[in-house]
Amino acid sequence: MSMNGLRKLFQRLVRDEEPNLSPFDRLQQQMEDILGNGGILKEVIYPGYGPPVTQSASVLIHYSGFLEYSDLPFETTTHLKHPRLMKLGRDVTLMGMELGLLTMRQGESSRFLLQPRYAYGDMGCPPLIPAAARVLFEVKIHDVLNTGQVDEFVQLTAALELLVNREIPSDAEQAEIQAALLPLYLNLSFVALRLERPRKALKYAKKALEIDCGSTKALYRCAQAYVELRDYENAHGCLVKARDRNPFDSDVTNLLKTVTMCYKDSLDKEKDVYGKMFPGL
């Protein structure tokens, strides 16, 4: 739900016919008690799909946290271009948020009303969170990721930062670092593809090509990323170059056959569209 939608929700709750109830008290009447003790209440806004989030998962989420009587969040990620990657058991600091995420599914949007013991406790978190405050979180899960692949990606990224940010005292060490960066970029591209992040995979594969423009693996990774992006023309070009350098690579040959068919189909569809738009041509 947008900020305007939440603002309308709070305004509606304040105008409720039961003036003695606070906005959160009114809201909790339509929420589910997921623990049975009133500590975490949940309302599904949009249902998700697939199995619930597991304790070892990593999730890409947007969230906003609200205090009672306030329609402006004390914390939000909705201004960020991309959802935040968080691993359960490590990056989620509130018990109520973690337990709430375990009830959610991919694509789901829900709101959670947390009692103090599942949020910021009796002390609160001055100056933003007052003592013994109930808080409302609205959460959307954009994606659920395999935690092993995410950990591998994070480790590879850390290794990349160490190499790239090193001060290079000599040409010999520069050559050694470039030699180490090539397989690192290829591995990052491979893991990004498994995480269904083709643009990141393409970025790392191109970095590998900057080091070795004749790398068959780098060209193949570029082609895989382009296929995921449905850019069959560029995928075809990369695979032709890879085949010319290594004509006996079965992975390259098989993907080239598939891409050639997809590329031809896309050209035929494009020709058909233009034929309908300009029948006289």
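**Figure 1. Lys42 and its surroundings in strand E2.** Lys42 is found in strand E2 of this predicted model. With a relative accessible area of 8%, Lys42 is buried. Setting aside residues up to four places away in sequence, Lys42 touches Met31, Glu32, Ile34, Thr103, Met104, Glu108, Ser110, Arg111 and Phe112. One of these contacts deserves a second look: the side chain of Lys42 makes a polar contact with the side chain of Glu108, at 2.9 Å. The two side chains also meet in a salt bridge, 2.9 Å from N to O. Lys42 sits in strand E2 (residues 40–46) and Glu108 in the loop between helix H3 (95–101) and E6, so the pair ties together parts that are 66 residues apart in sequence. Is Glu108 buried or exposed? At 3% relative accessibility, Glu108 counts as buried.

**Figure 2. Arg134 and Asp25, joined by a salt bridge.** Here Arg134 forms a salt bridge with Asp25, and the closest N and O atoms are 3.0 Å apart. Arg134 lies in the loop between strand E6 (109–114) and strand E7 (135–145), while Asp25 belongs to helix H2 (residues 23–28), so this pair ties together parts that are 109 residues apart in sequence. The partners fall into separate classes of exposure: Arg134 counts as buried at 18% relative accessibility, whereas Asp25 counts as partly exposed at 23%. If you widen the view, look for Glu68 too, since Asp25, Glu68 and Arg134 are linked in a network of salt bridges. For the whole structure, the count comes to eight salt bridges.

**Figure 3. Arg197 and Asp143, a salt bridge just after helix H5.** The side chains of Arg197 and Asp143 meet in a salt bridge at 3.3 Å, N to O. This pair links distant parts of the chain, with Arg197 in the loop between H5 and helix H6 (198–211) and Asp143 in strand E7, 54 residues apart. Arg197 is partly exposed, with a relative accessible area of 24%. Asp143, for its part, is buried, with a relative accessible area of 13%.

**Figure 4. Helix H5 from end to end.** How far apart are the end C-alpha atoms of helix H5? They are 35 Å apart, which agrees with the 34 Å that the 24 residues of H5 (residues 171–194) should span at 1.5 Å a residue. Many side chains can be picked out here as buried, among them Glu173, Ile177, Leu181, Leu184, Leu188 and Val191. The buried residues of H5 also include Leu182, Tyr185, Leu186, Ser189, Ala192 and Leu193. A helix reminder may help when tracing them: an α-helix has 3.6 residues a turn, so residues three or four places apart point the same way. H5 is followed by Glu196, whose phi is positive, near 60 degrees.

**Figure 5. Cys238 and Cys222, two cysteines without a bond.** Why is there no bond between the sulfur of Cys238 and the closest cysteine sulfur? That closest sulfur belongs to Cys222 and is 4.8 Å away, too far for a bond; a disulfide would need the two sulfur atoms within 2.5 Å. The structure as a whole holds zero disulfides. Cys238 is buried, with a relative accessible area of 12%. For comparison, Cys262 is partly exposed, with a relative accessible area of 25%.

**Figure 6. Backbone details in three loops.** Start with the peptide bond from Pro126 to Pro127, which is cis, with omega near 5 degrees. Pro127 has its place in the loop between E6 and E7. Next comes Tyr69, which has a positive phi of about 70 degrees although it is not a glycine. Tyr69 belongs to the loop between strand E3 (58–67) and strand E4 (75–76), and it is exposed, with a relative accessible area of 65%. Arg230 is another residue other than glycine with a positive phi, near 60 degrees. You will find Arg230 in the loop between helix H7 (216–228) and helix H8 (232–245), where it is exposed, with a relative accessible area of 67%.

**Figure 7. The protein as a setting for the close-ups.** The secondary structure comes to nine helices and seven strands. Of the 281 residues, 39% count as buried. Among contacts between residues at least 6 apart in sequence, 65% join residues at least 24 apart. The accessible surface comes to about 16300 Å², of which 54% belongs to carbon and sulfur atoms.

Key:
Residues numbered from 1 in each chain as written. Predicted model: local features only at pLDDT ≥ 70, side-chain atom pairs only at ≥ 80, totals over all residues. Heavy atoms only, no water. Helix = DSSP H or I, 4+ residues; strand = E, 2+ residues; numbered from the N terminus. Buried < 20%, exposed > 50% of the residue type's maximum accessible area, 1.4 Å probe, protein only. Contact = heavy atoms within 4.5 Å. Areas by Shrake-Rupley, 256 points an atom, 1.4 Å probe, with all protein chains shown as cover. Expected span 1.5 Å × (residues − 1). Salt bridge = Lys/Arg side-chain N within 4 Å of Asp/Glu carboxyl O. Polar contact = N/O pair within 3.5 Å; in protein donor to acceptor, adjacent residues only side chain to side chain.
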